[in-house]
Amino acid sequence: FDFDEAKGRRAADSSQSGDKHTGRLAGKATFAQGPEESGVSFEDSGSRVDVSQSRSINLETHDQRTVSLWFNADQISKDSGKQVIYEEGGSIRGLNMYLEDDKLFVGGWNTPRKESNWSGTWLETDNVSADTWHHVSLVLDGDGKLAPDALRGYLDGEQFGSGEGAQLGRHPDGIGIGGVSNTTRFRDGLSRGNGLVGAVDNASIFNEALSADQIGSLADQNFL
């Protein structure tokens, strides 16, 4: 989603391949200025972009995934609570990116014991600032068993952490950009949180594990 519509309540899938998904602006989400042309602004924590569910995102098993987007938070502090930037799935299986306590977290989980029994991994960095456009990427490269370094997190094109991970089974509990579609899972075990108060732009979902060089290209504003 490049979010260049500038008006209306729907965001079109701008990819050249894959399913043509639809993003629907919910709550007080509106098109506004982004780092390149328009993005989506969220006036309160109840706003988001809901993305249509599909086999290519969440209704099948996926062993590789990259989620990448730009975000700008109005506030990043201990008083701003959990602010979800992206999430797919629910409390049993899923991925998310969120802000909490002056930090950025990217995480994943696939909890059924008959599968990988992945209770969850959340990578964190405190190198984030309010009123600043940042680029965040989550990369999953797993299979049916837990493996070290299968989950990687990047901020502004630089890797800030890696941890264990595994493939994701079917996880049909919604897809949200800038907020929670239904439920998600956080590092503290809770499943509910607020949305981002701020803005997002250029959200991309790949069913492959992008390399560090590819992430660097996505994070380069010269390519916007």
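Helices and strands here are DSSP runs, with at least four residues for a helix and at least two for a strand, numbered from the N terminus. The structure on the screen is a predicted model, and the stops below follow that numbering of its elements.

**The whole chain.** Begin with a cartoon of the full chain, which shows one helix and 16 strands. Its radius of gyration is 16 Å, close to the 17 Å that the globule rule gives for 224 residues, so the chain is as compact as a globular protein of that length. If you align the view to the principal axes, the C-alpha trace spans about 45 × 40 × 35 Å. Colouring by accessibility will separate out the buried residues, which make up 51% of the 224 residues, and a contact map restricted to separations of 6 or more will show that 62% of those contacts join residues 24 or more positions apart.

**The surface and its charges.** Switch next to a surface representation, where the chain exposes about 9800 Å², with carbon and sulfur atoms supplying 40% of that area. Then select the charged side chains: there are 21 positive and 35 negative ones, and the centres of the two sets lie 10 Å apart.

**The segment before β1.** Move to the part of the chain that precedes β1 (10–12) and select F3, then add A6, which is found in that segment as well. Most residues other than glycine have a negative phi. F3, however, has a positive phi of about 55°, and the phi of A6 is near 75°, again a positive value in a residue other than glycine. The side chain of F3 may take some clipping to see, because at 1% relative accessibility this residue counts as buried.

**The loop after β3.** Select E37 in the loop between β3 (29–33) and β4 (38–42). Setting aside residues up to four places away in sequence, E37 touches D4 and A32. For a sense of scale, draw a C-alpha to C-alpha distance from E37 to G89, which is 52 residues away in sequence and 30 Å away in space.

**The aromatic cluster.** The chain holds four aromatic pairs. One of them is formed by Y98 and F105, a stacked pair with 5.1 Å from centre to centre and 20° between the planes. Now add F186: the ring centres of Y98 and F186 are 4.7 Å apart and their planes stand at 80°, so this pair is edge-to-face, as planes over 60 degrees apart are counted. The pair of Y98 and F186 links distant parts of the chain, with Y98 in strand β8 (residues 93–100) and F186 in the loop between β14 (175–177) and β15 (194–195), 88 residues apart. Shown together, Y98, F105 and F186 form one aromatic cluster. Are its members buried or exposed? Y98 and F105 each count as buried at 0% relative accessibility, and F186 is buried too.

**Strand β10.** The last selection is T121, in strand β10 (residues 118–125). T121 is buried, with a relative accessible area of 10%. Leaving aside neighbours within four places in sequence, its contacts are V106, G107, G108, L151, G163 and E164, and displaying them as sticks will show what surrounds this threonine. To close, draw the C-alpha distance from T121 to L95, 26 residues apart along the chain, which comes to 9.7 Å.

Key. Residues are numbered from 1 along each chain as its sequence is written. This is a predicted model: local features need pLDDT of at least 70, side-chain atom pairs count only at pLDDT 80 or more; totals for chains, interfaces and linings use all residues. Side-chain values use heavy atoms; hydrogens and water are left out. The radius of gyration is taken over C-alpha atoms; the globule rule is 2.2 Å times the number of residues to the power 0.38. Buried means under 20% relative accessible area, exposed over 50%, partly exposed in between (1.4 Å probe, protein chains only). Contact means heavy atoms within 4.5 Å. Accessible areas come from the Shrake-Rupley method with a 1.4 Å probe; for residues, only the protein chains shown count as cover. Lys and Arg count as positive and Asp and Glu as negative; His and the chain ends are not counted. The place of a charge is taken as NZ of Lys, CZ of Arg, CG of Asp or CD of Glu. Rings of Phe, Tyr and Trp (its six-membered ring) pair if their centres lie within 6.5 Å; planes under 30 degrees apart count as stacked, over 60 as edge-to-face and the rest as tilted.
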